[in-house]
There are 2 protein chains.
Amino acid sequence: MITTQEILKRAKEAAPSLSSATTEQKNEALYAMADALMAGAKDILEQNAIDMDRAKGTMPQVMLDRLLLTEDRIRDMADGVRAVADLPDPVGRILNEISGPDGLNIQKVSIPLGVIAIIYESRPNVTSDAAALCIKSGNACVLRGGKEAFYSANAITDALKEGLVAAGLSPDLLFLVQDTSRESATELMKAKGYVDLLIPRGGAGLIRSCVENATVECIKTGTGICHVYVDAAADIDKALNIVENAKASRPSVCNAEEALLVHRNIAPEFLPKLQTRLIDDRIAEGKPPVELRLDERAAEILKGDGSEGESDRWLTDAGENDFDTEFLDYILAVKVVDSVADAISHIGAHSTGHSDAIVTEDPKAAEAFVNGVDSAAVYVNASTRFTDGGQFGLGCEMGISTQKLHARGPMGLEEMTSYKYVIRGNGNIRS
Amino acid sequence: MITTQEILKRAKEAAPSLSSATTEQKNEALYAMADALMAGAKDILEQNAIDMDRAKGTMPQVMLDRLLLTEDRIRDMADGVRAVADLPDPVGRILNEISGPDGLNIQKVSIPLGVIAIIYESRPNVTSDAAALCIKSGNACVLRGGKEAFYSANAITDALKEGLVAAGLSPDLLFLVQDTSRESATELMKAKGYVDLLIPRGGAGLIRSCVENATVECIKTGTGICHVYVDAAADIDKALNIVENAKASRPSVCNAEEALLVHRNIAPEFLPKLQTRLIDDRIAEGKPPVELRLDERAAEILKGDGSEGESDRWLTDAGENDFDTEFLDYILAVKVVDSVADAISHIGAHSTGHSDAIVTEDPKAAEAFVNGVDSAAVYVNASTRFTDGGQFGLGCEMGISTQKLHARGPMGLEEMTSYKYVIRGNGNIRS
């Protein structure tokens, strides 16, 4: 088994050969990688079957479904790699150019970072997505996936490496770490001098570990405790649509809503309609109802309304941690607030800085919210579910940054580059 | 004495009031800060005299001179603050704007980071420079200076706070940490949730401590082991001018040259001329000569030349660490290399990634160097001394980043901002 240390050493040595590759060479490699995925489909499916066998009985059905590969899914992965090839090259852009004294020419030019390491969890398609984005942005790629997808990820990586070689590039530009213990993640976090950027994609525990342990440069992604605030001046129909879409259209993703704040003036009218929409209507339509975890004031409105119908069993009392939890499920914490300022202050204390929305027809409330909420994406009258590289015009996405330095929100190819100043003179000296 | 914890709490609370301030409010505050510096000059000079008294006998003359304030220097500081007011506002720029489906409008807008902490050393003028750049970029500012300038920095900070108040802003937007122990630096490094960006400006020890301890986001600045490589195809006159300028025009700064690499083919002609230029000529002109610390091959050329003149006592043998030392003095490590590839590889192993130069008339060697050297500023036929915010068109400088994320090279006002996505809809949901 190749050690993580050996992988890092070889990736670092190989990286310069890619940073100076032309756009055409990189695109040729990406097309060859896509072809190799298709050619290797039989092997990839066999290895995926091993992962599936090991996972059965130990993993919920929704996770099993994520882990499963099919011929169609492999074709989608290959198409994804080709789509990355068709994006503009983020390397070699002249970001600024100025002329100094005596003909001194100063260019600010985008360059690859070098070696990007990515720690991720179960979905096998992240392997090909991440590899393609790294290669296109001129970066060597060290992947450290979850152990539940180990065989699948290895088969995918082997195919992609074949593609690199077929296009005349070094196979050392792409590695999958073979050690899936917690120690190998820590090793990447501390690989100063080998890893130029570490992207942890995972739960709050992984991100916290990076903040505490990483000595390499790091971009924290993903954790999303996203809020929707329904203002006193909200259009109730828009609010119902937005809350349902943000919460229930795909609860397992990071841009899904986890907490709802409702202005006290609109709460008595809005909350009963919300109960109907998120519970009764959804049950009637055969969709999973949303459990509402209510703070005291919300409970007063919904539980004391005398209806005590069937749907009331989906109303529960919010516990201490419910406003700090990424449920990733059909669960929504609900709180009544006194003002837009209160909403902003609650979000400041509980949001992970991912995506937060206000629903209001009052332009003053909207602007107060936009200025007061310090999150990567701040919405007025739209669902938080739009936070996504594709929707934001990046054409792809390497994860969603919840930090403020370097990249914020969806990371595309440009966010996977740095820059250098190149200064050309004719013997210029500084006086 | 106010604790660092209390300072951080108050700065964090005050920051939003500045992030939403208009350009006019910020500029008015900066002009008021400059006026307050002039009005407080007498007190500042008195407090500076205390620092000078304490420092005498414990500090070399060059450091004492840096510490000393005069009326002229205070006027320069005030002028510096006014110059920052006259720079464009980096906040509120629309960096990108796209239209999504159904009238969804997505803007990427520059915003302040929040609270910026700066750890710096002795020069009192950094206090006003850093404060002005933070206020202009909409950030609250927590300064932690060296203890040798403690009284001066406090007097300057007090004056600047008066300026903030005179312009109607909160005095809590600017603090000087009162605890100058090493622990207070560590406290800033770990102030997650309070410090949005930490900028350590200092020696290698401080930077290393940040890499190892910081849990807040950090930009490493400053340390410069800069190289000049004199290629086989160099114009010797240009090379002599550039090497002397890069080494000796101001040896105490981070963009000064510390190591010289010379191609073996040109070394026998170039090195004796270099000895004349950096030692004999400078002695004759009454300037400090440059000590040349020679590797074995360079020593063979210079020491075996039979001249054994007076200037030979400035030739010494390079020790093990001389190619990894930021001398900040009239000392230059000299090494003979076999090729441009060797030079690139030596620089990759020993440079701090700040500024490195090639002197050559061969365009192929120049491009190999530009592509192969992974530093913030890479020069062809020009002195490394140009790496500076003013020279690079930024109008100011908060330090020179030697890392690759967020900011690389000189940091100006734009590098002291982040961005957020603001999405405005009319009830839009994602399908």
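A visitor and a guide talk through a predicted two-chain model, covering its interface, strands, cavities and a few single residues.

Visitor: Welcome me in gently: what kind of model is this, and what pLDDT do side-chain atom pairs need?

Guide: Residues are numbered from 1 along each chain as its sequence is written, with chains lettered from A and ligands numbered from 1 in the order in which they are written. Side-chain values use heavy atoms, leaving out hydrogens and water, and since this is a predicted model, totals for chains, interfaces and linings use all residues, local features need pLDDT of at least 70, and side-chain atom pairs count only at pLDDT 80 or more.

Visitor: How many residues of chain A are in contact with chain B, and what area is buried between them?

Guide: Contact means heavy atoms within 4.5 Å, and 63 residues of chain A meet 63 residues of chain B in this way. The size of an interface is often given as the accessible area lost when the parts come together. Here buried area is the accessible area (1.4 Å probe) that two parts lose on being put together, summed over both. Carbon and sulfur atoms give 53% of the total, which is about 5,600 Å².

Visitor: Which residues of chain A lose the most area to chain B?

Guide: Three residues together account for 15% of what the chain A side buries. They are L405(A), Y421(A) and R430(A).

Visitor: Why is strand 13 of chain B described as largely enclosed?

Guide: Strands (E, at least two residues) and helices (H or I, at least four) are DSSP runs, numbered from the N terminus. Buried means under 20% relative accessible area, exposed over 50%, and partly exposed in between (1.4 Å probe, protein chains only). Strand 13 of chain B spans residues 377-382, and it is largely enclosed by the rest of the structure because the number of its six residues that are buried is six.

Visitor: Which strands pair with strand 13 of chain B?

Guide: Two strands pair if DSSP finds at least two bridges between them. Within chain B, strand 12 (residues 355-359) runs parallel to strand 13 over four bridges, with A357(B) opposite Y379(B). From chain A, a strand pairs with strand 13 of chain B in the parallel sense over five bridges, and V422(A) stands opposite V378(B). The partners are strand 12 of chain B and strand 16 (residues 417-428) of chain A.

Visitor: Is N381(B), in that strand, buried or exposed, and what is its phi?

Guide: Most residues other than glycine have a negative phi, and most peptide bonds are trans. N381(B) is found in strand 13 of chain B and is buried, with a relative accessible area of 6%. Although N381(B) is not a glycine, its phi is positive, at about 55°.

Visitor: What is the relative accessible area of L328(A), another residue with a positive phi?

Guide: L328(A) is not a glycine either, and its phi is about 55°. Its place is in the loop between strand 10 (315-317) and strand 11 (331-337) of chain A. L328(A) counts as partly exposed because its relative accessible area is 36%.

Visitor: Which residues of chain B does N381(A) contact?

Guide: N381(A) sits in strand 13 (residues 377-382) of chain A and counts as buried at 6% relative accessibility. Beyond its neighbours within four places in sequence, its contacts include T360(A) and E361(A) in chain A. In chain B, they are G425(B), N426(B), G427(B) and N428(B).

Visitor: How far apart in space are T360(A) and D231(A)?

Guide: T360(A) lies in the loop between strand 12 (355-359) and helix 14 (363-372) of chain A, where it is buried at 3% relative accessibility. In sequence, T360(A) and D231(A) are 129 residues apart. Their C-alpha to C-alpha distance is 5.4 Å.

Visitor: Which residues of strand 6 of chain B are buried on each face?

Guide: In a regular strand the side chains alternate between the two faces of the sheet. Strand 6 (residues 197-200) of chain B pairs with strand 3 (residues 115-119) of chain B in the parallel sense over four bridges. Both of its faces are covered, with L197(B) and I199(B) buried on one side, and on the other L198(B) and P200(B).

Visitor: Which residues line the second largest cavity?

Guide: On a 1 Å grid over the protein atoms alone, a cavity is a set of points where a 1.4 Å probe fits but cannot get out, and lining residues have an atom within 4 Å of a point. Grid points are joined across faces, edges and corners, and a volume is the space filled by probe spheres set on the points; for this cavity the volume is about 30 Å³. Strand 1 (94-99) and strand 2 (105-112) of chain A each supply at least two lining residues. The lining is N96(A), E97(A), I98(A), I106(A), Q107(A), K108(A), Y421(A) and F392(B).

Notes
1 Å grid on protein atoms, 1.4 Å probe; cavity = no way out; pocket = protein on both sides within 12 Å on 5 of 7 lines; lining within 4 Å.
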